[in-house]
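Good morning, and thank you for the opportunity to speak. Today I shall walk through one molecular structure, step by step, with newcomers to the field in mind.

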Amino acid sequence: MKHRTFFWFILPSALAMILFIALPVVSVFIQSLHVEHEQVLRTVENCGPFGCAEETIVDREATRELREARPLGRFAGFSNYLDRNHLAITEIRGMWERSDSIADFTRRAMTLPFWRALAFTLTFTFVVTPFVLVLGLAIALGVNSLPRIFRGPTIFVSLLPMIVTPLIGSLVLYWMVDSRGVLGAFLQTVTNDPTLSLRASPTLTWIMLIVYGVWSSAPFAFIVFYAGLQTVPEEPLEAAMIDGANRWQRIRYVVIPHLMPLAIFITLMQLMDNFRVFEPIVGFQAQASATSLSYNIFNYLRGDAAQFGAAATTSMLTILGVVVLLAPVLIRTWRDFNRKGH
Amino acid sequence: MAATQRRSPLLVTVSTALVLLWVVIASFPFLWTLWGSFKVQADFFSLSDWRNALRGTFTMAQTGSAFTGQGYHGAWVQEEFWRAAMNTLIVVVCVVVISLTFGTLGGYALARSGFRYTFWLLMIALVFRAMPHITLVSGYLLPFFQWNVWGHLPTAIIVLVAINQPFTLWMLHSFFLNIPKDLDESAMVDGCTRFQAFRHVIVPVMWPGVITTGLFSFLLAYNDFAVTAMLLSQQNQTMVPKIASFLGSTQVEGNVMFAVAAVVSATAPLFVLILFFQRQIVSGLTAGAVKG
């Protein structure tokens, strides 16, 4: 295809991506270098029956004018990145010196919004992904050994948790595990603790969110693995059987190697999707015990006093995280591409 | 592979039990919520005994029958959920149509051009695909306020189209790779321009891929919370942010049932979608995987 023709074909799509993905990233970067204007203060003299006193008041009119004239705020350089709400270098150093053990340090560091969110986001990403892989493979192997007529309905039901709107999926689960819901009541009976509430304990909240993550993503792994199982070649399986391999060995040495590229694909998709975990925290109303990077951005942006600077800074750090996460894949693809001899 | 092997009964039992357990885990939450949406709050969120939700004790006492449509009435009529449903319909239809139009053109170009920049474009699209949507939203808000376009449906539509592009491009690119090159090239030998070849030769055969991609564009637009919650004004809200806003007003007894009813209402179209397009969804999920 000629460059010219290519250009015209790709133009609408490229324009949409440049205008609404690339430029917003630039806009986020610029915003991250600014902070909101401080309120304009004015000193007035109040004279009453007992003499005059000087008083400092907030000049609302001037503050509003200033904010309207320069909505970006004032330039702050990289100070947003270093402040308490983000990297918090000074605070971290102070905590390190003051704390007497690693556990103590961790406990203190978890009061810093950015590190707290990063800790949950990474835990969620790296716990959910392997569970999704294992559970998806187990279901796929199970369904594959079912009689054919049961497979369609099983796939139908399995697609529900994945397809459903994340916010809706998390609400549906949340209403069940709520202390007044059916699972909440069940857990209270099992543990014999009528005051048990998943929301009250940070650990249980984390577990609940991870369970939601696995529940909603396992179908994806299941479907991909199931499709892969349909294409496992017969011959190596038969050869393995003749050599006396039992079922487990056949799965271990023939089926799993065949599914390996699929596992890599699922891992990549899951890392990308789990890293932006956001809706479950809104749905489960878990912000007191768990926040994610995306949730922090959302939280800065909403309300009347939106902190655009803080939101933009967290966004930049999140994008940096995505690039780090994807770097191995990008490098690998780049090598493959070069090897193909372009 | 299945037919040739003999299995031990133990293995069959274990794997069937596992699948059954999974089916229950996957479907029970939805069935339970559907059931509960016809009860009153005192039953569905029972303080005393969870079995109230099954027996409908309070529903009987308050409404005189075991099932009630109060939640649905409250959500659709009183809280005007129909308005949100209309907005969702507009947003979803526009997003699907526009992103497929852009995506087929771009995906076709990427599949037919062998130059090095196509690789880079696809890699950039992959990075864009991985970016959390809310990070982009924080970049839109200030400019959109400035230009006075915040809050309108077209703004949300074009933003969702753009966010959708990386995925659409990847999907259609790999789909067009499977359509033989000879098809459009022979048309060009016969004197068609590239666009005519695309229009008359490729378009008639591309529908299976376009439908599959369209399903996923639909899901992205329908399921979105981050963009629609931040970029739409109160009266232009779509369903998902509307449901989220119900949650804020649950202090009043019974209002949480509005959210339950709205959740069930918003799940219904997805249910129908899987019913009719299960095959396409499955093939779409695996399409990316097979390509690696």
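I shall speak about salt bridges, then helix packing, then the surface, and finally a few individual residues.

Please bear in mind throughout that what we see is a predicted model.

Let me begin with charged residues. Side chains of opposite charge can pair when their charged atoms come close. How many salt bridges does the structure hold over all chains? The count, taken over all chains, is nine. I have chosen three of them to discuss.

The first example is in chain A, where the side chain of Asp104(A) meets that of Arg107(A) in a salt bridge, with 2.6 Å from N to O. Both residues belong to helix H5 of chain A, which covers residues 102–109. Because Asp104(A) and Arg107(A) are three residues apart in that helix, about one helical turn separates them. Is Asp104(A) buried or exposed? With a relative accessible area of 10%, Asp104(A) is buried. Its partner Arg107(A), at 55% relative accessibility, counts as exposed. This salt bridge therefore links a buried residue with an exposed one.

The next example is in chain B. Here Arg83(B) and Glu80(B) form a salt bridge whose closest N and O atoms are 3.3 Å apart. Arg83(B) has a relative accessibility of 36% and is partly exposed. Glu80(B), with 32%, also counts as partly exposed. If we return for a moment to chain A, salt bridges with shared partners join Asp104(A), Arg107(A) and Arg108(A) into one network.

The third example involves both chains. Asp273(A) forms a salt bridge with Arg129(B), and the closest N and O atoms are 3.4 Å apart. Why does this pair join two chains? Asp273(A) lies in helix H12 of chain A, residues 247–275, whereas Arg129(B) lies in helix H7 of chain B, residues 116–130, so the pair joins two chains. Asp273(A) is partly exposed at 30% relative accessibility, and Arg129(B) is buried at 17%.

That pair leads us to helix packing. Two packed helices are described by the angle between their axes and the distance between the axes. For H12(A) and H7(B), the axes come within 9 Å and cross at roughly 45 degrees. These two helices are therefore oblique to each other. On the H12(A) side, the contact is made by Met269(A), Met272(A) and Asp273(A); on the H7(B) side, by Leu126(B), Arg129(B) and Ala130(B). You will recognise Asp273(A) and Arg129(B) as the partners in the salt bridge just described.

A second helix pair lies in chain A. The axes of helix H6, residues 113–144, and helix H14, residues 293–301, come within 8 Å and cross at roughly 140 degrees. How should we classify this angle? Angles over 145 degrees count as roughly antiparallel, so H6(A) and H14(A) are described as oblique instead. From H6(A), the residues in the contact are Pro113(A), Phe114(A), Ala117(A), Leu118(A) and Thr121(A). They meet Leu293(A), Asn296(A) and Tyr300(A) of H14(A).

Let us turn to the surface. A nonpolar surface patch of about 780 Å² is made by residues including Leu15(A), Ile18(A), Phe29(A), Leu72(A) and Phe78(A). Leu15(A) is located in helix H1 of chain A, which spans residues 3–32. With 43% relative accessibility, Leu15(A) counts as partly exposed.

I shall close with some individual residues, starting with loops in chain A. Asn192(A) is placed in the loop between H9 and helix H10 (202–229). Its phi is near 60 degrees, a positive value in a residue other than glycine. Asn192(A) counts as exposed, at 68% relative accessibility. Gln285(A) also has a positive phi, near 50 degrees, and sits in the loop between helix H13 (279–283) and H14. At 27% relative accessibility, Gln285(A) is partly exposed.

Asp178(A) is in the loop between helix H8 (166–177) and helix H9 (182–191) of chain A. Asp178(A) is buried, at 11% relative accessibility. Which residues does Asp178(A) touch, not counting those up to four places away in sequence? They are Gly184(A) and Phe45(B).

Finally, in chain B, Val256(B) is in helix H15, residues 255–291, and is buried with a relative accessible area of 9%. Its C-alpha atom is separated by 34 Å from that of Gly214(B), a residue 42 places away along the chain.

Thank you for your attention.

Key
Residues numbered from 1 in each chain as written. Chains lettered and ligands numbered in written order. Predicted model: local features only at pLDDT ≥ 70, side-chain atom pairs only at ≥ 80, totals over all residues. Heavy atoms only, no water. Patch = residues over 30% accessible without salt bridge, like charges linked within 9 Å, V, L, I, M, F, W, Y side chains within 5 Å. Areas by Shrake-Rupley, 256 points an atom, 1.4 Å probe, with all protein chains shown as cover. Salt bridge = Lys/Arg side-chain N within 4 Å of Asp/Glu carboxyl O. Helix = DSSP H or I, 4+ residues; strand = E, 2+ residues; numbered from the N terminus. Buried < 20%, exposed > 50% of the residue type's maximum accessible area, 1.4 Å probe, protein only. Contact = heavy atoms within 4.5 Å. Axes fitted to C-alpha atoms, helices over the stretch in contact; angles between N-to-C directions. Parallel < 35°, antiparallel > 145°, perpendicular 65-115°, else oblique.
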